[in-house]
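Got the viewer open? Here is a short tour that tells you what to select next and what you will find there.

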Amino acid sequence: MLLEGRTAVISGAASARGIGRATAELFASHGARIAILDLDGHASQSVAQELPGSGHIGIQCDVSEEGSCQAAAQQAIEHFGRINILINNAGITQPLKTMEIRLANWAKVIDVNLTGVLLLSQAFIPHMVEQGGGSVACMSSVSAQRGGGIFGGPHYSAAKAGVLGLAKAMAREFGPAGIRFNCVTPGLIQTDITGGKLTDEMRADIIKGIPLARLGDAIDVARIYLFLASDLSSYVTGATIDVNGGMLIH
Ligand code: NAD
């Protein structure tokens, strides 16, 4: 039990096969009470009810809206009294090439993946400063490191690269307050974010470039979030942890 007595807020955790939900299940099985934040409030609540243990809550939140982040934070803090862990996991992708990206595509992908990390962090930082610390983990992607993953366009790469810089800067700024900020950079993880576009042929082709010879599962990323959320990583901040089966070794 690595998170006994802790509370964790996880954004983008309501989708059935997603990384956020797998993380919520793993954290709850390690003794944490969880706030699930996602676009659909009802879906968030039903996921919260299905988690192991008790006392979890689901809250409607659009991470790209400042007011929504502030309201969700207020509700979570009131419910639990204290928040120890924030997982900035929510994200979207669009399979577009550079010349296909319209300003609306750019704005949407940046707003959710990058601005969302800033807004939700801002909503919890004052509370974490006041309580003397916390752990924040942010979702980036191999796409940020190698200039494109498989499904995300250049705007997605840019947003996820922005997350790396933002998290490192926040790690530097809030280290003295005891708040750790770290990132995860997954390779291709089998969730619904690919929108069913991954054919068997594509899968076989991609696996040829992965030394561990398989795609990732949501639980592979959840275990890294667990490490970053727990005291196992008490002297780790500003770090980026690859979870890619060796797809990118650098
Ligand atoms: P997913 O689609 O299952 O989960 C994404 C979740 O984010 C969904 O529950 C969705 O409702 C939620 N969400 C979307 N927009 C939101 C918003 N504005 N506010 C709040 N919630 C919102 O996909 P996933 O693969 O589990 O993705 C989780 C994260 O992992 C994303 O940030 C994604 O970019 C990142 N990622 C995924 C992969 C992969 O291969 N699956 C690789 C690298 C990074």
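In which helix is K208 found? Select K208 and you land in helix α7. Keep in mind as you go that this is a predicted model. K208 is exposed, with a relative accessible area of 69%. Now add M247 to the selection. K208 and M247 are 39 residues apart in sequence, and their C-alpha atoms are 9.4 Å apart in space.

**Zoom out**

Next, show the whole chain as a cartoon. You should be able to pick out eight helices and seven strands. The radius of gyration is 17 Å, close to the 18 Å that the globule rule gives for 250 residues, so the chain is as compact as a globular protein of that length. Turn it around: along its principal axes, the C-alpha trace spans about 50 × 35 × 35 Å.

Switch on a surface if you like. The accessible surface of the chain comes to about 11200 Å², and 54% of that belongs to carbon and sulfur atoms. As for what sits inside, buried residues make up 53% of the 250 residues. Taking the contacts in the chain with a separation of 6 or more, 73% are between residues 24 or more positions apart.

Then colour by charge. You will find 18 positive and 21 negative side chains, and the centres of the two sets lie 6 Å apart.

**Along helix α4**

Helix α4 covers residues 103–131. Pick A104, which is found in this helix. Is A104 buried or exposed? A104 is exposed, with a relative accessible area of 60%. Draw a distance from A104 to D200: the two are 96 residues apart in sequence and 32 Å apart in space, C-alpha to C-alpha.

Stay in helix α4 and move to L119. L119 counts as buried, at 10% relative accessibility. Which residues does L119 contact, leaving aside its neighbours within four places in sequence? Select V63, S64, E65, E66 and C69 to see them. One of these partners, E66, is 53 residues from L119 in sequence, yet the C-alpha atoms of the pair are 5.8 Å apart.

**Two cysteines**

You have already met C69 as a contact of L119. Select C69 together with C61 and show their side chains. C69 counts as buried, at 0% relative accessibility, and C61 is buried too, with a relative accessible area of 3%.

Why is there no bond between C61 and C69? For C61, the closest cysteine sulfur is the one in C69, 4.2 Å away, which is too far for a bond. Looking from the other side, the closest cysteine sulfur to C69 is that of C61. A disulfide needs the two sulfur atoms within 2.5 Å. By this rule, the count for the chain comes to zero disulfides.

**Two serines**

Go to strand β5, residues 134–139, and click on S135. S135 is buried, with a relative accessible area of 4%. Show what surrounds S135: leaving aside neighbours within four places in sequence, its contacts are N84, I85, L86, M128, R180, L228 and A229.

Now step along to helix α5, residues 142–146, and select S143. How accessible is S143? Its relative accessible area is 1%, and S143 is buried. Not counting residues up to four places away in sequence, S143 touches G148, G149, Y156 and S157. Add K160 to this view as well. S143 and K160 are 17 residues apart in sequence, and the distance between them is 7.2 Å, C-alpha to C-alpha.

**Last stop: a loop**

Finish at A213. Where does A213 lie? Look in the loop between α7 (200–208) and α8 (218–229). Helix α7 is where you started, with K208. What to check here is the backbone. Most residues other than glycine have a negative phi. A213 is not a glycine, but its phi is positive, at about 55°.

Conventions
Residues are numbered from 1 along each chain as its sequence is written. This is a predicted model: local features need pLDDT of at least 70, side-chain atom pairs count only at pLDDT 80 or more; totals for chains, interfaces and linings use all residues. Side-chain values use heavy atoms; hydrogens and water are left out. Helices (H or I, at least four residues) and strands (E, at least two) are DSSP runs, numbered from the N terminus. The radius of gyration is taken over C-alpha atoms; the globule rule is 2.2 Å times the number of residues to the power 0.38. Buried means under 20% relative accessible area, exposed over 50%, partly exposed in between (1.4 Å probe, protein chains only). Contact means heavy atoms within 4.5 Å. Accessible areas come from the Shrake-Rupley method with a 1.4 Å probe; for residues, only the protein chains shown count as cover. Lys and Arg count as positive and Asp and Glu as negative; His and the chain ends are not counted. The place of a charge is taken as NZ of Lys, CZ of Arg, CG of Asp or CD of Glu.
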